[in-house]
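The following exercises concern a ligand site and a chain interface. Please work through each task with the structure in view before reading its solution.

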Amino acid sequence: MAKVTIDGHMIEVPDGTTILQAARMIGGDVVPPAMCYYSKLKTSGGYCRTCLVKVTKGSEKDPRPMPKPVASCRTPVMDGMEVQNKTAPDLLEARAGVVEFLLINHPLDCPICDQAGECSLQDLAYEHGLSRTRYEFSRRTFQKIDIGEKIKLHMTRCILCYRCVKVAEQITDGRVHGVLNRGDVSEISTYISQAVDNDFSGNMIDVCPVGALTDRTFRFKSRVWNVNPVDAHRDCPTCSGRVMLWMKGAEVFRVTARKDEYAEVLDTPDGKPGWICNTCRFDKKETKDWIVDGPSKIDRHSVISQNHYVLQEPAHKPLLNAVQAVPTSWQLENKK
Amino acid sequence: MGKKLLLKDDHIAGIQSYDVYRKNGGYASVEKAVKTMTTEAVVEEVKKSGLRGRGGAGFPTGMKWSFLAKPPGIARYLVCNADESEPGTFKDRYLMERIPHLLIEGMITSSYALGANTSYIYIRGEYYYVARILEKAIDEAYANGWLGKNILGSEYSLDLYVQIGAGAYICGEETALLESLEGKRGNPRIKPPFPAVAGLYGCPTVVNNVETIAAVVPIVNDGGDEYAKIGIGKSTGTKLISASGHINKPGVYEIDLGVPVEEFIFSDKYCGGIRGGKKFKAVVAGGSSVPILPADLILKTAKGEPRLMSYESLADGGFATGTMLGSGGFIVMDEDTSIVKNLWNFTRFYHHESCGQCSPCREGTGWMEKILHRILDGHGTMSDIDLLWDIQGKIEGKTICPLGDAAAWPVAAAIRHFRSEFEEYIKNPKSIKDVKHYYRLNNLQSA
Ligand SMILES: Cc1cc2nc3c(=O)[nH]c(=O)nc-3n(C[C@H](O)[C@H](O)[C@H](O)COP(=O)(O)O)c2cc1C
Ligand code: SF4
Ligand code: FES
């Protein structure tokens, strides 16, 4: 066991727990945002850098602070470690920088994006971003591609979290898509437009934090806050059959896996990740296919739970733009 | 000039061939190590020598070797990093092309010390012809019993392979290199675990630069203590410097660490002074990623002491007034050089080479390049300079691998030391097009 303190909250966790997992055990404000880490996918995390935290004390044995901010999703805790998340202004500034990087090439087409309302990037931008951009160049764009019959890839919105690649690797048989090219022109792609056709491929849609992978059977049918989520199940030979139905009246608009407060799929009662199969997701769109368990619990983060997006005084002074690290020469002259 | 260790036989005709190399004392270190030394004893000599990694970071090699995990029944690997892609660095190519057997010999001796039975030389795709030279040398070494089963009749066996990369700078980062060697996309891994614990194919692995491995040969031959006598302080031994830019004698020089920078630039033994009698403006001392320094700060530290070609002296003053020895890519610029144009060129390189895994580097490098391009197009604004400063600060230290830092440092240093040059381009866009750089037109003092 290891004792770790995050923003002043102490918790004892098993060895090998990451800082992010420990923070999630504490819950609330001390939890860093995570755009690429997904607890149910092995080797996920480390890419987006939104979960950076400041380690002010390495451990009881070696109390030196870590020289650089670390990705909390991939850094295991040590006994006696002390971590700052919300309480370190310089860390919040670094995170605001990461958010800005994620946004400069994002199309910001929320008004026409199916993910709006349940988009992790939207949440992140509201909490940490600026209300305007400092990026004055044309943004990168890609052609939309169909990945198989049911999934649309809109690469322009992608933040390269690699989650869908890990789904393809880990829960479908035989990876049929990965990353092509390098740097800021990297793209998620099926190799030579090979369609993803697999019982579990639809879970890529659920893990996508933005609107890059969307459900073709639901695209443009409704805004997510205009459909009501209810928990339902069916006896499915392929998956757990435990889903969320998104309904308007008696009509089922879409089917997704059940999600927890971090927008990850919930575990089934037997402790396995509740991935759902494509039949449940795409083909069972009648109420008679399902036994309804009751309304779904919607977490505080969702726009569906209303009034979340009140413009608040930010917890910290927006630091972007406020920095003036090097005085300009005319400032120096004025000082003289 | 002190004694040469790596390039001592450089002038001998035919030294590329096995027979000539052997006649001049080649492969003695393998004989000595395999016949008379335990593996621990070889590691101990390397520790005593104080040798530091020549790939850029300068990590003590003996220490790195002693960190190698040795679980029983699991293979260990030595991988030689011959990806050499840092702009301004070309020493490894010179060494491999001129004296290929020195690297092969170093690989055998080092592999023996680490207990590796399979080793690789990962070489960048552009060095295709060098790979052919190495392959020929490896064939000769096999034919003469230096590689293969039971080397010199001992228990020790080693197979050595050359693997050609596809020409990506990022594959010089050690974990991206290992991914590439495994046949995957060359993305740096997220550490921990470090290669010493889980490297190639998940097995304990040491990755070392070409020059580092070559230096093991004289260390084993003459002893670590002898090697440590050369150099100054913790910068022991000799170092290959690839000198380029506006100097009279560009090329690869083997120096004793600790030579004064002034002597290195102006002495006829080395760079031979600035080309065409021009004024000396700035130096990028260790490959494109290290901070650029104006003439006065590279010749003397902020404290006024002469600056030396050593890890410590070049780093004196931190990044505020110092720089790094890095990979030894020494780029000299005369008074006509535009710092902003040069910076744009470096930044374009890092943008192009970013692997794209992590957001700050993927997005930030392209953004900085675009802003620099705008300034060079005559459309820059004063706030662009602050924006550049802010962006580089938001990349540095927030990425998976040090490529993000490598992209950020040159931008920071150029603004720190040559801000007036950016301002001049912004206030007076005409000066950009002017081939005679505005420094001379305005009769400004450089730096
Ligand atoms: C982006 C990047 C590129 C690198 N390229 C090289 C290279 O071309 N050659 C090299 O020897 N080391 C390179 N390195 C350093 C290696 O990661 C590693 O530190 C080195 O090979 C270790 O060898 P050494 O201890 O002998 O220096 C690079 C590092 C980074 C982050
Ligand atoms: S810093 Fe750049 S090159 Fe290194 S892992 Fe991140 S994106 Fe790739
Ligand atoms: S969530 Fe940790 S780096 Fe993306």
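**Exercise 1.** Determine which oxygen contacts tie ligand 1 to the backbone of Glu174(B) and to the side chains of Lys64(B) and Asn209(B).

*Solution.*
Step 1. In this predicted model, a backbone N or O atom of Glu174(B) lies 3.0 Å from an oxygen atom of ligand 1. A polar contact is a pair of N or O atoms within 3.5 Å; within protein, one must be able to donate a hydrogen and the other to accept it, and residues adjacent in sequence count only if both atoms are side-chain atoms.

Step 2. For the side chain of Lys64(B), an N or O atom is 3.0 Å from a ligand oxygen. For the side chain of Asn209(B), the corresponding distance is 2.6 Å.

Step 3. Ligand 1 exposes 610 Å² when taken alone, and the protein buries 89% of that (accessible areas by the Shrake-Rupley method, 1.4 Å probe; for residues, only the protein chains shown count as cover).

The conventions are as follows: residues are numbered from 1 along each chain as its sequence is written, chains are lettered from A and ligands numbered from 1 in the order written, and side-chain values use heavy atoms, leaving out hydrogens and water. As the model is predicted, local features need pLDDT of at least 70 and side-chain atom pairs count only at pLDDT 80 or more, whereas totals for chains, interfaces and linings use all residues.

**Exercise 2.** Describe the shell around ligand 1: how many residues surround it?

*Solution.*
Step 1. The shell holds 18 residues (a heavy atom within 4 Å). Gly55(B), Asn81(B), Asn208(B), Asn209(B) and Thr212(B) are the closest.

Step 2. Strand β4 of chain B, residues 205-209, gives the largest share, three residues (strands are DSSP runs of E, at least two residues, numbered from the N terminus).

**Exercise 3.** Characterise the interface between chain A and chain B: what area is buried there?

*Solution.*
Step 1. Contact (heavy atoms within 4.5 Å) joins 42 residues of chain A with 38 of chain B.

Step 2. The buried area is about 3,400 Å², of which carbon and sulfur atoms give 55%. Buried area denotes the accessible area (1.4 Å probe) that two parts lose on being put together, summed over both. Phe101(A), Phe137(A) and Arg182(A) supply 23% of the area that chain A buries against chain B, more than any other three residues.

Step 3. The rule finds five salt bridges across the interface (a side-chain nitrogen of Lys or Arg within 4 Å of a carboxyl oxygen of Asp or Glu). Arg134(A) forms a salt bridge with Asp390(B), with the closest N and O atoms 2.6 Å apart.

Definitions and conventions
Helices (H or I, at least four residues) and strands (E, at least two) are DSSP runs, numbered from the N terminus.
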